[in-house]
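Q: Please take a close look at one part of this chain and set it in the context of the whole. Which part is enclosed, and what lies around it?

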Amino acid sequence: MRTRQGADFVPAYVGLLGAGTLASRAEAALRHLESCDLCARYCRVDRRRGIEGAVCRTGERARVASFGAHHGEEDCLRGSRGSGTIFFSWCNLRCVFCQNWDISQKGIGREVSTRELADMMLELQSLGCHNINLVSPSHVVAQIIAAVDDAARRGLRLPLVYNTGGYDSPEALALLDGIVDIYMPDMKYGDSALARRYSKVRDYVEVNRAAVKEMHRQVGDLVLDERGVALRGLLVRHLVLPEGLAGTEQVLEFLATEVSRETYLNIMDQYRPCYRAEEYPTLRRTLSAEEFRAAVRIADRHGLTRLDHRPGRLGPTF
């Protein structure tokens with residue numbers, strides 16, 4: 001879905017800023033840290049006082065591993081000038097095959113203030129990036145909203161991308177409504193028992209599907225500008241796992257029947273054994289070309305045709 005209105009696009013959060021409600025949204029989000037419900041684990045820890053008991057191991061300040069213009073994201077995010085990514089340390093998931101485990105599980109990076117995080121957003125805008133891409137943001141929703149309020153007051157005008165593992169609470173999504181322009185959730189599994197085994201979370205499928213439906217309700221199908229760069233909407237990532245562990249059939253049927261056949265979908269082929277994957281026999285090998293082609297055929301069968309086409313995929317798709 002394309003529009004010729006890219007030059008006229010105004011990010012969602014600018015509307016809240018103009019209405020005078022962005023600051024109050026930020027204050028409300030920070031209060032949620034006092035009995036944290038900002039991801040679907042509901043640990044209820046007072047993160048403003050410390051991190052003991054917090055699965056995300058993150059207190060009142062976000063920890064950032066790195067930030068910069070990223071040219072390896074989806075075509076519609078990277079465009080010609082890159083996606084302005086901010087990689088947050090730690091994660092609310094424990095995926096045994098995580099390819100960024102040094103960031104998500106070891107927590108490399110440094111704590112930053114609200115002003116420092118806002119400065120990063122503004123620097124990425126000055127570099128010409130097409131968007132602000134918030135990677136692994138679920139556990140730092142409050143810190144992100146506070147920084148967006150700061151940065152927007154100083155001229156931030158790029159779309160916000162919420163690049164999440166997909167285990168997001170309705171409380172967090174309610175706070176983000178009218179702030180996020182592009183939701184980019186993973187849909188990792190079609191079976192919660194497998195999610196429990198490989199990502200160490202309960203009820204992943206139920207939580208994930210409810211979150212994706214709410215994200216779509218907020219922003220709709222992905223809209224691109226005249227250059228093919230994303231402005232607003234839902235973009236779903238699905239990493240195909242060996243032996244059908246990701247439940248591709250179930251995930252894509254859900255998207256087609258309960259969300260939208262116009263969903264922009266990245267079927268990902270880059271699985272490789274990382275982190276603790278060698279401890280699990282079914283995860284010890286890379287994905288085969290046929291497994292990836294089968295996943296793309298499933299998408300086609302369900303009428304999901306808005307696929308991210310990238311060079312270097314595992315052979316022809318049909």
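A: Start with the surface. The chain exposes about 12800 Å², and carbon and sulfur atoms supply 48% of it. Accessible areas come from the Shrake-Rupley method with a 1.4 Å probe, and for residues only the protein chains shown count as cover. This is a predicted model, in which local features need pLDDT of at least 70, side-chain atom pairs count only at pLDDT 80 or more, and totals for chains, interfaces and linings use all residues. Residues are numbered from 1 along each chain as its sequence is written, and side-chain values use heavy atoms, leaving out hydrogens and water.

Now the overall frame. The chain holds 11 helices and 9 strands. These are DSSP runs numbered from the N terminus: helices are H or I with at least four residues, strands are E with at least two. The C-alpha trace spans about 50 × 50 × 30 Å along its principal axes. A compact globule of 318 residues would have a radius of gyration near 20 Å, and the chain agrees with 19 Å. That radius is taken over C-alpha atoms, and the globule rule is 2.2 Å times the number of residues to the power 0.38. Of the 318 residues, 58% are buried. Buried means under 20% relative accessible area, exposed over 50%, and partly exposed in between (1.4 Å probe, protein chains only). Of the contacts between residues at least 6 apart in sequence, 71% join residues at least 24 apart. Contact means heavy atoms within 4.5 Å.

The part to look at is strand 5. It covers residues 160-164, and 5 of its 5 residues are buried, so strand 5 is largely enclosed by the rest of the structure. Leu160, Tyr162 and Thr164 point one way. Val161 and Asn163 point the other way. Strand 5 has a parallel partner in strand 4 (residues 132-135), with 4 bridges between them. Two strands pair if DSSP finds at least two bridges between them. One bridge joins asparagine 133 to valine 161 of strand 5.

Follow the chain onward. Serine 169 sits in the loop between strand 5 and helix 7 (170-176). Serine 169 is buried, at a relative accessible area of 0%. Beyond its neighbours within four places in sequence, serine 169 contacts Asp37, Leu38, Cys39, Ala40 and Tyr42.

Tyrosine 42 leads to another loop, between helix 2 (22-32) and strand 1 (62-70). Tyrosine 42 is partly exposed, with a relative accessible area of 30%. Its phi is near 50°, a positive value in a residue other than glycine. Arginine 57 also lies in the loop between helix 2 and strand 1. Phi of arginine 57 is near 55°, again positive in a residue other than glycine. Arginine 57 is partly exposed, with a relative accessible area of 27%.

For contrast, take an exposed residue. Serine 80 has a relative accessible area of 62%. Its loop runs between helix 3 (75-78) and strand 2 (83-88). Not counting residues up to four places away in sequence, serine 80 touches His71 and His130. Serine 80 and valine 229 are 149 residues apart in sequence, yet 9.0 Å apart in space, C-alpha to C-alpha.
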